[in-house]
Amino acid sequence: RDSDHRAWTPVSCTVTRQNATVQGLTEGKAYFFRIAAENIIGMGPFTETTKEIVIRDPITVPDRPEDLEVKAVTKNSVTLTWNPPKYNGGSDITMYVLESRLIGKEKFHKVTKEKMLDRKYTVEGLKEGDTYEYRVSACNIVGQGKPSFCTKPITCKDEIAPPTLDLDFRDKLIVRVGEAFSLTGRYTGKPAPKVTWLKDDIVVKEDDRTKIKTTPTTLCLGILKSVREDSGKYCVTVENSTGSRKGFCQVNVVDRPSPPVGPVIFDEVHKDHMVVSWKPPLDDGGSEITNYIIEKKDAHKDLWMPVTSATVKTTCKIPKLLEGREYQIRIYAENLYGISDPLISDEMKAKDRFRVPDAPEQPVIKDVTKDSAVVVWNKPYDGGKPITNYIVEKKETMATRWVRVTKDPIFPSTQFKVPDLLEGCQYEFRVSAENEIGVGDPSPPSKPIFARDPIAKPGPPVNPEAVDKTKNSVDLSWQPPRRDGNGKIIGYLVEYQKVGDEEWKKANLTADSCPETKYKVTGLTEGLTYKFRVRAVNAAGESEPAYVPDPVEVKDRLEPPELILDANMAREQHVKAGDTLRLSAVIKGVPFPKVSWKKEDQEVSPKADIEVTGIGSKLEIRNTVHEDGGIYSLTVENPAGSKTVSVKVVVLDKPGPPRNLQISDVRSDSCYITWMEPEDDGGSVITNYVVERKDVASAQWLAISSSSKKRSHMAKYLIEGTQYLFRVAAENQYGRGPYVETLKPIKAIDPLHPPGPPKNLHHVDVDKTEVSLVWNRPDRDGGAEITGYLVEYQEDGADEWTKFQTVPMLDCVVTGL
């Protein structure tokens, strides 16, 4: 029966031998078999096979493996591969056995030691130069089959072959932005070459977009979603120990260009047309710009109108404009691969831009004589139309009217000799430019000049002498030169020379820094002796020097300090609070004394402004307060001595608040108020005190005394039961000081006393646990209505009274006894 079924199928019933052949079975299926003996009496019991039997052909050893090949040979290894046998003998291959024979020997030796099922094996550890042949056998469960046919004799040595390179791409490749591209090819070489990709001589590295794939025989560089920066010269290098091969490809990733570079420049603006220009795009997209597309738009409308799309220049005339309207210009760049984003101009009004020339800069006057002068100027902006004439005008400095110097045209020269000046008069000149539009504004007036012949250098100064000196300076004085060379003396140059030196040094660099006939030479070295000389300078130049007769030794001239007090430094200075305190004095002494101000022998307040000059000193305090009063002293000191003066300053102000305000003797209609005088009377006698009261329910204070000179007051006419606040302030001739106020409200009530004892206490009834009591009112209530009576009891013989309760009436029943 089939092992998958339960029903038995008869095979034969006539078998007399002890064996039988069962026909018609299916290969690969499993069956069970059973046998029973039969005689004339009948059939005996069946005997069954113990386990299922799978139907298959008989198992033999495998056939020989096929296609044994040598894949690689080095000096010490051989790599072989093979295919399985056509027939495995009816059982799975369990392993392969690889054998080798050294040429010259008879026997094959087993190469593989482990149980190997792979059909590739590398024999290692061979000796360079030896020659072997190889064969391989397959094994199954039965045993080892026949060996394969032997390989050809193989000698162990490195195989060498220079690289070859076969590329699938041309020298140039053009790719659109966003598209992918790849560079592929094939290569050979032994030993296996190294493959390197370069772009513009830089090694290409893999990233999200760049993929490199190399197999033993193929190579590939792929770029996904290309961008403009992927453009460049790509190079692939295939290199081994025998040499190298290179392949090149110039890749150009192309795109539409970037926008033209702005801003749009309006080279010409007219009432009916404009001329604009711009710069080419920074990136032409990898392809030459074929043309620009120019459009115009009225700034107050949304419609763009075409101007041209055929220009290749970066300038264009925009025609057919309406005068007074504002326009915008839009420019696109185009190449073979598309049109760029636009460059849009600012708004520009269509109107003629020509105007009169600008005003020239201030003219310069030269070559002055007693009756003429040459005016020189620079050409101004011409307003868009060429300048055709210059107009030169003159006026005397003190006059107001400008006069044209000639009616003849002045052009193209930018200078003119003005004739007919009056000797000794002072003149100013100005220039205007003219074009076909009209005459422009005049230039600023020139510097004033006097009409007189050129001047000569002055004579030397007269009688220079040293009039004073200190340890580092010398004061010089001299008289003006006897002749000024017909020119005003600009000033003087002072020079000095240390005795023994040859070089003269300048004390002042320019003559106009010393316009007077005196000068203080500073920066000298104490104890040294110097020579001095002075030159006069006018517009023509420097005079010959005049020398101080004798050398001067530099050292201090000592004079003790001297103070000349101003009126504000009298013995006592009164100043009203809020006013400014000023103390000042004139100071003399050589060298100039050191000045210091003190208050009560301490540093003066930081709010004080102290000024020290070369002739005196001043102390000033603004917005004085009472605390600024005190004794101020001014001390001046130099090596010859010192001097000090003092002044008492009183700052007059309102008094401070009274002290220790007390309320006593409170009654239902009055109370008594006392206080002490303020700590600070403000520098003036207190004239009176102001006393005020206020009902706590009211917002207004009422004066109850404003002329009291005493430090107490009886407040009368209070309303019984009302709560009051009181305050007091002091006054002097400068005003009323701050108030001092009671801390708590004062209630207007008479003083309270305890009431008297109840009268005639007696009992009116007694029970075994309670007593009924009655009594009469006391003689006095202490100034307030009686609110109740406290009842207490005491057990006879005890010390303590026990409180029972407080009752409002004149009777009580004491219970719980």
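**Exercise 1.** Describe the secondary-structure content and the end-to-end distance of residues 64–159.

*Solution.* Residues 64–159 are 0% helix and 41% strand, with end C-alpha atoms 30 Å apart. Here helices (H or I, at least four residues) and strands (E, at least two) are DSSP runs, numbered from the N terminus. The model is a predicted one, in which local features need pLDDT of at least 70 and side-chain atom pairs count only at pLDDT 80 or more, whereas totals for chains, interfaces and linings use all residues. Residues are numbered from 1 along each chain as its sequence is written, and side-chain values use heavy atoms, with hydrogens and water left out.

Next, consult the annotation. An unreviewed UniProt entry places "domain: Fibronectin type-III" at several spans, among them 64–159 and 657–751; such annotations may be inferred rather than shown by experiment. Residues 657–751 are 0% helix and 49% strand, and their end C-alpha atoms lie 30 Å apart.

**Exercise 2.** Determine how strand E20 is paired with E13 and with E19.

*Solution.* Two strands pair if DSSP finds at least two bridges between them. Strand E13 (residues 172–176) runs parallel to strand E20 (residues 243–254), joined by five bridges. One residue pair to inspect is Lys172 with its bridge partner Gln250 in E20.

Turn then to strand E19 (residues 232–240), which pairs with E20 in the antiparallel sense over nine bridges. Val238 has Arg245 of E20 as its bridge partner. The connection from E19 to E20 is a hairpin of two residues.

**Exercise 3.** Establish the strand order of the open sheet that contains E39, and identify its edges.

*Solution.* The order is E38-E39-E42, three strands with antiparallel pairing. Strand E38 (462–469) and strand E42 (518–521) each have a single partner strand, so one side of each is left without a neighbour in the sheet. From one strand to the next the twist averages 20 degrees, where axes are lines fitted to C-alpha atoms and angles run from 0 to 180 degrees between N-to-C directions.

For the pairing itself, strand E39 (residues 474–479) and E42 share four bridges in the antiparallel sense. Val474 stands opposite Val521 in E42.

**Exercise 4.** Characterise the aromatic pair of Trp504 and Tyr547, and state what it connects.

*Solution.* Rings of Phe, Tyr and Trp (its six-membered ring) pair if their centres lie within 6.5 Å; planes under 30 degrees apart count as stacked, over 60 as edge-to-face and the rest as tilted. The whole structure holds 15 aromatic pairs. Trp504 and Tyr547 are 5.7 Å apart centre to centre with 65 degrees between the planes, an edge-to-face pair. Trp504 lies in the loop between strand E40 (491–498) and strand E41 (505–506) and Tyr547 in strand E45 (residues 546–547), so the pair ties together parts that are 43 residues apart in sequence.

**Exercise 5.** Locate the backbone exceptions at Pro263, Pro412 and Asp200.

*Solution.* As background, most residues other than glycine have a negative phi, and most peptide bonds are trans. The bond from Gly262 to Pro263 is cis, with omega near 0 degrees, and Pro263 belongs to strand E21 (residues 261–269). Phe411 and Pro412 are likewise joined by a cis peptide bond, with omega about 5 degrees; Pro412 lies in the loop between strand E33 (403–404) and strand E34 (415–418). Lastly, Asp200 has a positive phi, near 50 degrees, and is located in the loop between strand E15 (194–199) and strand E16 (202–203).
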